[in-house]
Amino acid sequence: MQSKSYSMLDPFVDELPVISSHEHHLPDDLQKDMSLDKLLYHSYLSWYTDSGNSPKPYPDYRKKYHLPQDHPGNNTALGREIFLDQFGSNTYWVWLEKGIQAIYRLEGKISAENWDEISHKISDCYKDPVHHLRVLGETGRYLRAIQDSYWNYASDLGHPELFSPTLRTDMFIMSSHESILDADQNSPFTVYPDAPGNNFDDYLAFVRALFENWRNGGAVAMKCAVAYERLIQFNNASKKRAGEIFGKPVGQISAQDRLAYGDFMFNWFCALAKQLDLPFQIHTGLGDLSGSNPMLLVPAIERHPGTRFVLFHAGFPWQAKMAGIAHNYRNVIVDMVWVPLISTSAAITGLNTFLDVTTSDAIGWGGDTWTSEEAVGAALAWKHVVKTVLSERIDRGFLDLRQARNLAERLLFKNNAELYGFSPSGGNLTQAPPLI
Ligand SMILES: [Zn+2]
């Protein structure tokens, strides 16, 4: 039974637009031939299986789970039934299904029986090449999204009216020679053949010019996701030490050298983010769990008080630790990107705690998705979290309705608009305003 305050907030929040701090939206050519099975392949559900191109931090026993299309035995109907049974309560599935229901106006649940019918409906709609963009604007109410194309740094997918790039730093932190690749198989020395490979000062000047040009071309943030491949404790390595490691092939540097080089480059990027006046988005939590606790980042946060750190994923599963960091440091923004999909209940707990300990302008959100169906689901999940938390606060006498509505606007689009320099006005995709 919904409370009266939930019912009063519900239509207001449903109508609000969203601005996402972070997406990996697939480029136009990968949006072709979409189907229900292809949506699953490009969703977080594939992270539990051997399918998809996602990081696989899981041990081999995960091999017992399959996307329906990969189910051994070629019994497609059985594969779908088993999949729905295994993942029915998983919130990646819950919100992907809700996204699909909203876009294709489905009444009931997705089942093994209606699977093909729904899949054909999806494929039909995707014959229109702008379907995926229209869905984001119209159903998802996405006003703008910050795009992280880790396969093509600084890309806006050719759609600057909707996407603004973030500037990924990973390959520059992880690769000091063309023989050393980051987790996405990138090295600056292969992606940019002009990058100076012999002189460290020349190389740093090259990277700085690259980032300045990208910023001047419309990029609104910098991003570091190396938590998937190294610990996020970044020590204060000297430029001299990094310069000695720079340019040496993989066999001539140790694991400690590689960490030290990354330490120097991360600190160098923190300083660059301040100089370019760009918020620095950092992946914390999940990833490589042995080294992604947000507390490990505290020395770097203290070392760079003038850099605005946007700490992604609220440090999940260390949200309480993230709350402590947000309480103590004014140069930290907690970004709940991805959390409502990972665990809707944890997102409710997390948002409550962050509202307790920080200011109304210091909480952000993003979808962190590859497809419009998952992006619509992510926006619905976040709206559900915001409505649940704010209406409970009204019921407890912590907020009145006017305050709750103002907060909802901040959490859904105004905070990200302020932080990344977008206009908060405007409606859906076709009315999206130019960057200011
Ligand atoms: Zn992401």
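Helix pairs at angles under 35 degrees count as roughly parallel, those over 145 as roughly antiparallel, those from 65 to 115 as roughly perpendicular, and the rest as oblique. Helix 13 (residues 319-328) and helix 15 (residues 344-357) pack at about 20°, with axes 9 Å apart, and are therefore roughly parallel to each other. Here axes are lines fitted to C-alpha atoms, for helices over the stretch in contact, and angles run from 0 to 180 degrees between N-to-C directions. Helices (H or I, at least four residues) are DSSP runs, numbered from the N terminus.

This is a predicted model, in which local features need pLDDT of at least 70 and side-chain atom pairs count only at pLDDT 80 or more, while totals for chains, interfaces and linings use all residues. Numbering starts from 1 along each chain as its sequence is written.

On the helix 13 side, Gln319, Ala320, Ala323, Ala326 and His327 do the touching; among their partners in helix 15 are Thr349, Gly350 and Phe354 (contact: C-beta atoms, placed from the backbone, within 7 Å). That contact has six nonpolar, five polar and no charged residues (Ala, Val, Leu, Ile, Met, Phe, Trp, Tyr, Cys and Pro are nonpolar, Asp, Glu, Lys and Arg charged, the others, Gly among them, polar).

Zooming out, the domain assignment, automatic or from a database, gives domain 1 (33-125) and domain 2 (143-431). Their C-alpha centres lie 28 Å apart. The contact takes 15 residues from domain 1 and 16 residues from domain 2. Helix 4 (residues 91-104) supplies the largest share of the domain 1 side, nine residues.

Methods
Contact = placed C-beta atoms within 7 Å. Helix = DSSP H or I, 4+ residues; strand = E, 2+ residues; numbered from the N terminus.
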